[in-house]
Amino acid sequence: MRRWLNDLDRILRGEATRLAALREESIEVPLGGLLLVIFLLAMLYGVCMGFFAGFRVGGPFCMQWFASTVKVPSLFLLTLVVTFPSLYVFNALVGSRLNLLAVLQLLVASLAVNVAVLASLGPIVAFFSVSTLSYPFAVLMNVTVFAISGFLGLAFLLQTLHRLSVARRLPPPPSPTAAAEPEKPTEAIAPQQEPEPWAPSGKEPSGEPSALDALEGHMLDRHVKTVFLSWMVIFGLVGAQMAWVLRPFIGNPGEPFQWFRARQSNFFEAVWQSLRGLFW
Amino acid sequence: MSGLLVQIDDILRRRGPLLLHPTRSALLRLILCVVAFGTFYGAIMGGFGGIQGERLWQIFNSALKVPLLLLGTSLIAWPSFFVLNTLVGLRRDFARATTALMAAQAGLAVVLASLAPLTVVWYASSADYAAALRFNGLMFAIASFAGQGLLRGHYRLLIQRNSKHRWMLGTWLVIYIFVGIQMAWILRPFVGDPGAPIEFFRRESWGNAYVVVARLIYDAVRR
């Protein structure tokens, strides 16, 4: 378990997506372990989300709390399963060189970043859910949190896609013991692997790019942009509608508990109706 | 005792040693500073209704609440700060960033405690509850300004090293203020209306600080 958390840590720090690490056109991540970590972190967020139902005025609504805990990981994993075939096929059609395993690794790594940010915002959501009586506020807050973590997950996806295409074009290293990184030919070869002693003043010597940094001097490929945009659209649409299908997550205090509400309308129509309700 | 005074001096004058060698014990000492000085100010704050009989409970409650407000808010905001710092590549500086944040909080608590005698004089001069609330609000505001300045000072070294720290500092402030306002709302009462019973929470008027303010604004605009 600790090993898998370390792997998640490597992804967040950007070590798993360094250019040198992406040479084999795949990201070295243990799929099974990472999926388990994603599941657990999403469950943790579900618990935080469920505090609203757990601390209701009329007494704890344990079934809704349990339902939230189970639904958040299901949302992510089901969306991944539903969209993976089309994402891979579209990726291949556009001419990307990523194979099936590489696409899966890339998606799972992005999902891991998404869920890590989500879980870290959990305490804030839990705190507000305990202390607020307003259902619209709880909904709005959760939507905002999902949006922020989704945005960061997508940024990671875009940068990694870009780096994968750049790494493919790099010349192979001259020997396995080479110390220089080819993408930074001007940087001096570090004689030791220890971090530099902390200087009280002056800029930090430029280190490796983080997980979300854009690479300097490399423009985004046209096909990388196409792949990213299409993935964002497919994943976003399916994810939003899946969230609607799996509702309720928070549980309107005025309505009785149900595992799933009756099939009616869809996410986008509901958003449209809410907007109309706000202004008309 | 002199060691403690030297430490407080370091915090207030934004001297370097804290950040150059951030150790776990240094962090612990900063947290203890927040607890000690926050408790002191809280006890003074709760003494509005007097120190006779039952009112001692209000003093006790308020003494608990001030450090709870400061440290509780930090604790809730800390995990997201950690993940965001990691994602933008500032993980190596994270221990120092946390120490800088805690040093600013300790400084805030010290400033607050130094304003406690003024609060005592105010309480001795006026029995008006609303005025007492406003005065305490003013004391917290002064301490917060001082804390802001301290935070910028302690963070300057980090920002010099990597300008992304400025973004992280801004993000921390947004999250901290967002959570802190709600925390202050639900931890009421701090001063304690002498006419009302003594409770730890005013449970029936819990709810959301932001919803309450929005409703107030909406009502004011509609009128």
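This short talk covers the interface between chain A and chain B and then the internal cavity. Please bear in mind that the model is predicted.

Let me begin with the interface. Chain B places 31 residues in contact with 31 residues of chain A. Together the two chains bury about 2900 Å², and carbon and sulfur atoms account for 67% of that area.

Turning to the polar side of this interface, the rule finds one salt bridge between chain B and chain A. It joins the side chains of B:Arg91 and A:Asp9, at 2.9 Å from N to O. Three residue pairs are in polar contact between the two chains, with both residues at pLDDT 80 or more.

Which elements of chain B give two or more residues to the side that touches chain A? They are helix H4 (55–87), helix H7 (129–161), helix H8 (164–186) and helix H9 (209–222) of chain B. By class, that side of chain B comprises 17 nonpolar, eight polar and six charged residues.

I now move to the interior. The count gives one cavity of 30 Å³ or more, and the largest cavity holds about 100 Å³ of space. Its lining has 12 residues, of which A:Ser96, A:Leu98, A:Leu164, A:Ser165 and A:His223 are the closest to the centre.

Two or more residues of that lining come from each of helix H6 (135–169) and helix H7 (222–245) of chain A. The largest share, four residues, belongs to H6(A). By class, the lining of this cavity divides into five nonpolar, four polar and three charged residues.

Conventions
Residues are numbered from 1 along each chain as its sequence is written. Chains are lettered from A and ligands numbered from 1 in the order in which they are written. This is a predicted model: local features need pLDDT of at least 70, side-chain atom pairs count only at pLDDT 80 or more; totals for chains, interfaces and linings use all residues. Side-chain values use heavy atoms; hydrogens and water are left out. Contact means heavy atoms within 4.5 Å. Buried area is the accessible area (1.4 Å probe) that two parts lose on being put together, summed over both. A salt bridge is a side-chain nitrogen of Lys or Arg within 4 Å of a carboxyl oxygen of Asp or Glu. A polar contact is a pair of N or O atoms within 3.5 Å; within protein, one must be able to donate a hydrogen and the other to accept it, and residues adjacent in sequence count only if both atoms are side-chain atoms. Ala, Val, Leu, Ile, Met, Phe, Trp, Tyr, Cys and Pro count as nonpolar, Asp, Glu, Lys and Arg as charged, and the others, Gly among them, as polar. On a 1 Å grid over the protein atoms alone, a cavity is a set of points where a 1.4 Å probe fits but cannot get out, and a pocket is an open set with protein on both sides within 12 Å along at least five of seven lines; lining residues have an atom within 4 Å of a point. Grid points are joined across faces, edges and corners, and a volume is the space filled by probe spheres set on the points.
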